[in-house]
Structures are given as structure tokens and as C-alpha cells.
Amino acid sequence: MDDNSTTTKLLTLLNVSATKSGKHKWDAHDEHRRPEKLNKRRTVKIAAVEDEQSGVQDVEVERVEEAAEVQEKAESDSENEGTEDSSDPYEKHFGCTPLCLSGLSRTSIDAKSVKVSKVSRGKLGQTSESLPEGSEPSSSRRSASAILERVKGPFSARQVKLPKDQSELQNDVLSVLSDYQDFYSTFGPWETKKRVREAISLHVVNHITKKRRKVLKNNERLSNASKSKADPPEDVQDQGFTRASVLILLPTRNSALAWFNALISHTPSTDFQIENHSRFTSEYGLPPDAVDKLASAEPGTYPLDHVETFKGNVDDCFRVGIKMTRKSVKAFSDFYQCDLIIASPLGLRQSIQKEKGADYLSSVEILVMDQLDALTMQNWDHVKASLRRLFSIAVSLTRFTQFVLEHLNKLPKDSHDTDFSRVKPWYLDGHAEYLRQSILLSAYETPETRALFNTNLKNVAGRIRQEKLWPPVDVPEGLHQDFVRFDCVSPQDEADKRFNYFTTQLLPAILKSAVQSANTAIFIPSYFDFIRVQNHFRTLTGAPYAVLSEYSTNQDISRARQAFFSGQKSFLLITERFHFYKRYKLRGTRNIIFYGPPDHPQFYSELLSYPFLDDGVESSDVTCRVLYSKYDWFRLERIAGTEAAAELIKSV
């Protein structure tokens with residue numbers, strides 16, 4: 001960011017703040033007011049910043065938290081020993097003068113000049129670690145030792161009951177997160193994902209707790225100086241422009257409910273009050289009388305990943321602020337009064353457009369993006385748009401993430417009663433994006449998410465990416481798979497080259513075969529490719545077809561499946577998003593063409609199993625063709641296996 005532009009914006013904010021109040025506020029956070037005002041009551045109007053469909057209106061509420069805050073300050077002193085020394089991870093990374101934040105490290109990050117090494121990290125396996133010039137590698141593996149004793153109490157009690165490999169995995173995850181490096185993980189089994197979520201939510205709670213304690217301690221120092229009429233201390237920069245320091249981006253409400261439950265699981269039930277808990281459960285779960293067909297189905301009826309993704313409330317438009325104090329967690333807090341925001345890309349985008357800005361995202365220090373694989377099946381435009389203010393985005397990324405990306409870690413448009421004397425210097429310098437920790441979780445990688453991680457994250461503490469060797473997927477025994485390559489020298493030309501090869505080479509050969517020109521399902525990963533292929537089929541004679549896309553109605557789906565099964569339609573065009581959302585078993589299939597390898601490897605094995613739903617079908621009756629180029633590496637690796645995919649790519 002240009003220094004002159006940054007200075008101008010900050011001066012404007014300072015002038016606005018002074019005009020509004022006549023002086024700087026002592027603290028922007030509603031919990032951190034002048035000690036002499038702690039015994040005063042005041043009525044405030046809070047907006048229940050939640051899903052617009054909830055119909056919740058602003059309400060007048062009486063809040064008397066000052067006495068509890070005084071007690072919190074007194075009690076925190078005894079528990080805060082050693083949390084602010086130079087060895088504390090929070091202080092090292094988010095203190096006033098982080099050692100890793102230097103001109104050299106920022107230049108190295110901007111120039112993509114990083115040192116990459118391979119490191120084995122216990123249960124995480126092999127990892128690829130990138131460190132910019134000017135930054136020092138982590139000197140220790142802290143694991144749970146970096147967590148405050150009070151915060152990790154409930155977590156430790158549960159950990160002793162877990163199998164050893166799961167508890168070790170959680171400690172390895174905490175070891176990575178403790179140094180505030182970026183982390184990109186592709187875990188497998190759903191039970192493993194649950195344990196990883198517990199570890200990350202503990203890291204989040206610990207971060208918020210340490211930040212609050214430092215603010216309260218500095219409040220007390222300022223209060224003591226005021227009482228003794230001494231000069232106030234100058235080293236009290238402990239805040240951002242706004243309060244929210246954590247953003248968790250999720251695809252659906254059922255995921256939000258799981259993360260909320262993980263967060264409050266780290267709060268001792270006897271000490272903590274969970275405010276609006278029943279309301280959160282009601283709005284993010286299913287109604288009491290609702291029957292969840294996926295959750296109640298017999299095991300094996302639906303694939304496990306489908307059940308876990310779509311059971312419960314799957315609404316994809318939501319946003320909620322969560323405020324955390326020493327003894328309470330309050331859901332549905334105003335975004336400018338909360339510590340953590342849980343949102344979907346669509347929900348966050350609507351909020352930003354409604355408020356005509358996203359100043360509440362200006363001070364995000366931890367970003368968590370979970371289920372990236374599910375997010376890519378939604379409208380990726382919302383994700384990019386919501387994140388753009390957090391960090392810059394390259395043209396090479398799809399438009400999916402633009403809107404979210406452009407609204408994070410930017411200077412706010414308004415002062416929001418910020419006390420600029422308490423704002424950390426690197427916020428004022430516009431360097432917040434160089435310290436923000438980004439945690440990306442996905443079932444698999446795509447070129448877009450890898451580019452996001454490698455190119456667009458600017459954390460000067462470095463990046464850690466979990467590597468994975470993929471085995472080949474299981475397919476019916478004896479089934480022949482024909483991987484058909486086409487040459488392409490540029491990713492910009494890949495879509496045109498694929499379409500040209502399919503329409504001039506592959507499809508004409510299929511239409512000439514009496515066997516292969518009937519009962520043929522064509523699986524198309526991209527909807528844009530799907531439209532091109534569908535338009536091409538409209539020009540053909542003697543090739544009756546039906547379509548199944550994410551925009552097909554239930555009536556359309558029923559008609560298409562029946563027409564294909566009965567032989568009225570020889571071809572069935574299927575999009576990957578349709579299969580992701582519906583997971584219908586398609587009978588009548590004998591020939592399967594993958595216009596491109598699917599992102600989800602399980603989709604490949606599922607489609608190859610469908611011919612055998614019909615009686616009397618042998619492996620020799622089924623044909624399978626996969627059209628691919630060298631730019632399909634990630635998807636090809638998950639299907640053919642890492643070793644076989646490398647051989648297929650070399651042959652291109």
C-alpha cells in the first residue's frame with residue numbers, strides 16, 4: 001500500500017473521530033471503558049446482525065457489565081503470568097513490534113522470494129513449508145503448551161479419552177498454528193476433520209482471550225496512572241481499528257452450528273454463560289419436528305461425505321457475530337462489538353452491500369476457510385468478493401473469491417469511535433495483511449485454492465501446506481479405463497482445446513459405434529463447458545440427449561432419468577455440481593465419458609458403479625473414457641493415483 005495514501009486516510013479518520021467526540025475515545029471496545037465510568041448504567045441499541053430472513057429487529061437492552069469487567073481484570077492478573085513475555089507466540093506475532101515484520105520480509109513476500117523446504121510433522125505427514133527472506137523459522141514445536149491453562153482445561157480433559165493417534169494429530173495441528181503461520185490442510189476421514197476443527201477452535205479462543213487480557217491489563221495501567229496523576233504509559237498499543245479479529249467462512253448453516261459448538265466446548269460449563277444459545281441452535285439447526293432424511297437413513301444409503309455435508313440446515317446465506325468475555329459467549333452480537341464472525345460468502349456479501357462497506361473486517365487477524373471443496377461448488381464469486389479486503393487477488397483466480405477478498409484488512413472508511421492511541425503501529429502502517437494467519441481446510445486441492453495459498457497469502461511468518469500422496473480410486477474389477485489426452489500449451493487455451501478435441505475427435509468416433517452411441521453418460525465438471533457441449537448436441541442429428549444440471553427442477557430430473565433409462569435418450573449430459581447436490585444413482589448407463597476428471601475422486605468411482613445397478617451387466621459391457629490435459633494434474637492425481645498421474649502427465 002502506498003505510504004502517502006495510507007497517511008491521508010489515517011488523517012481523515014482522525015479528523016472524523018475528533019469531530020464526532022471532541023476527543024479520542026479511551027477505547028473503541030465496549031468492554032474497555034475508562035475505569036471511572038465502570039459503575040454507570042447505560043442503555044444501548046444493538047443490532048442483531050444475523051441472517052436477514054430471521055426477521056430479528058433492533059431491540060433496547062440494559063447492560064450492566066462494568067462490575068463483571070472490574071472483577072475480570074483482578075482475576076486475570078493471577079492467570080496472566082508469562083503470557084506477555086517475548087517468548088509468547090501472540091506477543092511475538094501480534095505485539096507492537098513483531099520481529100518477523102520487516103522491510104525485507106515484506107519485500108520478499110511481495111516478490112514471491114521464499115525458501116521452500118520439506119518437513120515431516122508427525123501425524124500431519126510430509127509438509128511443504130515456505131519462509132520469506134528476513135523471517136526466522138520456528139525455534140520449537142509448542143503444540144498445546146502455547147495455550148493458556150484456563151482455556152485448554154476442557155480440551156485436555158477430552159483429549160485423554162481419544163485414541164492416541166487423534167490426540168497426537170490435534171497436538172501437531174496446534175504446533176503448526178501456535179506460530180501463526182498460514183496452514184493449508186487436506187484431511188480425509190470426517191472424524192479426523194472433527195478433531196482438527198476442535199484444535200483450530202481452541203487456537204481461536206486462545207487468541208481472543210490473550211488479546212482481551214492485554215487490553216484489560218493496559219486499561220488498568222492507564223487507570224493507575226490517572227489515579228496517581230502520573231504520565232500515562234505510552235506502550236499501550238493493543239488493538240486494531242475494530243474489535244472483530246477472527247473470521248470463519250463456511251458453506252452452510254450446519255457447518256456454522258458445528259463450529260459454534262466446537263468454540264463453546266472450550267468454555268467451562270460451570271463458569272460460562274452461553275447467551276442466545278437456544279436461538280442459535282434453533283436458527284442454525286432444523287426445527288424440532290423436522291425429519292432429516294440424510295441423518296436418519298440407513299447406513300450406506302447415501303455416501304458418507306454427502307450425509308455429512310448436507311444433513312441438518314443447509315441454508316447458504318448467514319452471518320453472525322460472536323462476542324467473548326471471560327465468563328460468557330454471546331451469539332448475535334453487533335459486528336462492531338464482537339470478537340468473531342461466522343459467515344457464508346453469500347451472507348457476508350449481502351451484509352457488505354447493505355452496509356456499503358466492511359469496516360468490521362479491517363482488523364481480522366485469523367481467517368479460517370473450512371470446506372473449500374464445498375465452497376467451490378457454490379457461487380465462487382461470493383467468496384472472492386468477501387475476501388478481497390483481506391488480501392489482494394490475482395487475475396488467475398476464478399471470479400468466485402473476488403468479492404470476499406476485497407473487503408478484508410483495509411483501512412476503514414469511518415473511525416467507529418476508535419482510540420487511535422491504542423491502535424497497533426502496523427495497523428496504522430497498513431501492514432495487517434502481512435501478519436494475518438489464514439487457515440484453509442479442504443477435502444482436496446484445486447488449481448484455484450493452490451494459487452490462493454501460494455500466491456495471495458502474505459503472512460511473513462511463513463506458510464505450511466500438508467502434502468498428500470493419493471492412491472488410485474477403487475473401480476469395479478475388470479473395467480477398462482481409457483485416459484485420452486489432448487495437447488495444450490497454455491491454460492488460457494485449455495477450454496477451447498478440450499472442446500475442439502471432444503467435438504472433432506472423441507464424439508465422432510463414439511457416434512460411429514452402434515454400441516457406444518447409446519446408454520452414454522457424459523460427465524462435465526464445469527458448467528460453462530456443459531453449456532458449450534449442450535449447444536453442440538443441439539446441432540447434431542441422430543443423437544437424442546437429456547440433461548441433468550444444478551438448475552434442473554425435480555420434474556426435469558425425473559423425466560431425464562426415465563428417458564435415459566428407457567432408451568428414449570441416447571446421451572445424458574451431467575454436471576459435477578448436479579452430482580454433488582443430488583447424488584442420484586443413474587440406471588441404464590453402459591458407457592461413461594468424463595469430459596474432464598471430476599474434482600471429487602469419489603464421484604469417479606460412483607459413476608463407474610452405476611452400470612452394475614442393472615442385472616446381468618459385466619465389466620466387459622462397460623466403457624470408460626477420461627479426457628485430460630496436463631493442466632488436470634490435481635484431479636487426475638486423485639483418480640489415477642499420484643504415481644500413475646505423473647506418468648500420464650509426462651506422456652503429454
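## Two sheets, a cavity and a helix pair

Let us begin with a pair of neighbours: strand 8 (residues 319-324) and strand 9 (residues 328-333) are joined by four bridges and run antiparallel. Within this pair, M324 sits opposite V329 of strand 9. Keep in mind as you look around that this is a predicted model. A little background helps here: strands of a sheet pair through backbone hydrogen bonds, and they can do so in a parallel or an antiparallel way.

Now step back to see where these two strands belong. They are part of an open sheet of 11 strands, in the order 3-4-14-5-13-11-6-10-8-9-7, and the pairing in this sheet is mixed. Strand 3 and strand 7 (273-275) stand at the edges with a single partner strand each, so one side of each has no neighbour in the sheet. Going from one strand to the next, the twist averages 15 degrees.

Let us visit the edge where strand 3 lies. Strand 3 (residues 114-120) is antiparallel to strand 4 (residues 126-132), and seven bridges join them. To find one place where they meet, look at V119, whose bridge partner in strand 4 is T127. The two strands form a hairpin, with five residues between them. In that turn you will find G122, which has a positive phi of about 50 degrees.

Next, let us look for empty space. Rolling a probe the size of a water molecule over the atoms shows where such space is left. In this structure there are eight cavities of 30 Å³ or more, and the largest cavity has a volume of about 80 Å³. Which residues line the largest cavity? They are R150, V151, V205, T209, R212, H266, T267, P268, F272, M324 and T325. You have already met M324, the residue that stands opposite V329. Sorted by class, the lining has five nonpolar, four polar and two charged residues. Helix 5 (149-159) and helix 7 (190-227) each supply at least two residues of this lining. Helix 7 gives the most, with three residues.

Further along the chain there is another sheet to explore. This open sheet has six strands in the order 15-20-19-16-18-17, and their pairing is parallel. Its edge strands are strand 15 (481-485) and strand 17 (545-548), each pairing on one side only. Here the twist from one strand to the next averages 20 degrees. Strand 15 is joined to strand 20 (residues 623-628) by five bridges in the parallel sense, and the bridge partner of D482 in strand 20 is R625. Helix 17 packs on this sheet, where it touches strand 15, strand 16 (520-524), strand 18 (571-575), strand 19 (591-594) and strand 20. The direction of helix 17 makes about 160 degrees with that of strand 20.

Our last stop is a meeting of two helices. The axes of helix 17 (residues 494-511) and helix 18 (residues 527-538) come within 11 Å and cross at roughly 35 degrees. The crossing is right-handed. On the helix 17 side, the contact is made by A495, D496, F499, F502, T503 and L507. From helix 18 come D529, R532, V533, H536 and F537. By class, this contact has six nonpolar, two polar and three charged residues. Helix 17 therefore links our last two stops, as a helix can be followed from its sheet to its crossing with helix 18.

Conventions
Residues are numbered from 1 along each chain as its sequence is written. This is a predicted model: local features need pLDDT of at least 70, side-chain atom pairs count only at pLDDT 80 or more; totals for chains, interfaces and linings use all residues. Side-chain values use heavy atoms; hydrogens and water are left out. Two strands pair if DSSP finds at least two bridges between them. Axes are lines fitted to C-alpha atoms, for helices over the stretch in contact, and angles run from 0 to 180 degrees between N-to-C directions. On a 1 Å grid over the protein atoms alone, a cavity is a set of points where a 1.4 Å probe fits but cannot get out, and a pocket is an open set with protein on both sides within 12 Å along at least five of seven lines; lining residues have an atom within 4 Å of a point. Grid points are joined across faces, edges and corners, and a volume is the space filled by probe spheres set on the points. Ala, Val, Leu, Ile, Met, Phe, Trp, Tyr, Cys and Pro count as nonpolar, Asp, Glu, Lys and Arg as charged, and the others, Gly among them, as polar. A crossing is left-handed if the near helix is turned anticlockwise from the far one by less than a right angle, and right-handed if clockwise. Contact means heavy atoms within 4.5 Å.
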